[in-house]
Amino acid sequence: MARKLCTVCEIRTQYTGTGVGVDDAPHLSDMCNLCYTEGGWENTHSDEGHDAETMDDDCWICHPNLNRAARPAKERTGHTNTAPKGPAHSHNGCTHNANPQGRAACRKANRWDDTKGWIAR
Ligand SMILES: [Zn+2]
Ligand SMILES: [Zn+2]
Ligand SMILES: [Zn+2]
């Protein structure tokens, strides 16, 4: 039986791929397990509207370092002007507006300290 490639990444064979938090792609999904898991997180991430306050510790979209579904090279090109997203940190202890602009200004003016939170650079 021929092994078919995942229709999403076109890199891995369908129904392959294992790792922490990786779900098995259901039969007939035509995806590898990693792309299936990534798709599930993309849905959860947008459905729950994750941001720095509501992020899920296991979410592959909030935490790109957890994402084991390597994107195809063709999708990576053309986005060179987008800065890679660093890990998101909570702004619960901050006084600025709880919106993307407030958080962006905070990230610019401060740096994250694992024990103290956001501190001035
Ligand atoms: Zn795939
Ligand atoms: Zn998320
Ligand atoms: Zn902040």
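L28 sits in the segment before α1, where helices (H or I, at least four residues) and strands (E, at least two) are DSSP runs numbered from the N terminus. Its phi is near 75 degrees, a positive value in a residue other than glycine. L28 is exposed, with a relative accessible area of 67%; here buried means under 20% relative accessible area, exposed over 50%, and partly exposed in between, using a 1.4 Å probe and protein chains only. Y15 is likewise placed in the segment before α1, and its phi, near 65 degrees, is again positive in a residue other than glycine. Y15 is partly exposed, at a relative accessible area of 31%.

A word on conventions is useful at this point. The model is predicted, so local features need pLDDT of at least 70 and side-chain atom pairs count only at pLDDT 80 or more, while totals for chains, interfaces and linings use all residues. Residues are numbered from 1 along each chain as its sequence is written, chains are lettered from A and ligands numbered from 1 in the order in which they are written, and side-chain values use heavy atoms, with hydrogens and water left out.

The metal sites come next. For the zinc ion (ligand 1), the donors are C6 (SG), C9 (SG), C32 (SG) and C35 (SG), at 2.3 Å. Donors are N, O and S atoms within 2.8 Å of the metal (3.2 Å for Na, K and Ca), and sites may look incomplete because water is not among the atoms. The angles subtended by the four donor atoms around this zinc ion (ligand 1) run from 102 to 116 degrees, which makes the arrangement tetrahedral. Four donors earn that label if all angles lie between 85 and 135 degrees; four count as square planar and six as octahedral if opposite donors are over 155 degrees apart and all others between 65 and 115, and anything else is irregular. For orientation, the ideal angle at a metal with four tetrahedral donors is 109.5 degrees.

Along the chain, the donor residues of the zinc ion (ligand 1) follow the spacing C-x2-C-x22-C-x2-C. C6 lies in the segment before α1 (33-47) and C35 in helix α1, so this pair ties together parts that are 29 residues apart in sequence. C6 is buried, with a relative accessible area of 1%, and C35 is buried as well, at 4%.

At the zinc ion (ligand 2), coordination comes from H45 (ND1), H50 (ND1), C59 (SG) and C62 (SG), at 1.8 to 2.4 Å. The site is tetrahedral, with angles of 104 to 115 degrees among its four donor atoms, and the donor spacing is H-x4-H-x8-C-x2-C. C59 is buried, with a relative accessible area of 0%, and C62 also counts as buried, at 10% relative accessibility.

The zinc ion (ligand 3) is held by H91 (ND1), C94 (SG), H96 (NE2) and C106 (SG), at 2.0 to 2.3 Å. Angles of 99 to 117 degrees among the four donor atoms make this site tetrahedral, and its donor residues are spaced H-x2-C-x1-H-x9-C in sequence. H91 is buried, with a relative accessible area of 5%, whereas C94 is partly exposed, at 24%.

Turning to charged contacts, a search of the whole structure finds two salt bridges, each defined as a side-chain nitrogen of Lys or Arg within 4 Å of a carboxyl oxygen of Asp or Glu. R103 forms one with D51, the closest N and O atoms being 3.5 Å apart. That pair links distant parts of the chain, with R103 in helix α3 (residues 100-109) and D51 in the loop between α1 and α2 (73-76), 52 residues apart. R103 also meets E53 in a salt bridge, at 2.7 Å from N to O. Here too distant parts of the chain are linked, E53 lying in the loop between α1 and α2, 50 residues apart from R103. Through shared partners, the salt bridges join D51, E53 and R103 into one network. Within that network R103 is buried, with a relative accessible area of 6%, while D51 is partly exposed at 29% and E53 is partly exposed at 30%.

Finally, the structure holds one aromatic pair. W112 and W118 form this pair in an edge-to-face arrangement, 5.3 Å centre to centre with 75 degrees between the planes. Rings of Phe, Tyr and Trp (its six-membered ring) pair if their centres lie within 6.5 Å, and planes under 30 degrees apart count as stacked, over 60 as edge-to-face and the rest as tilted. W112 is partly exposed at 27% relative accessibility, whereas W118 is buried, with a relative accessible area of 17%.
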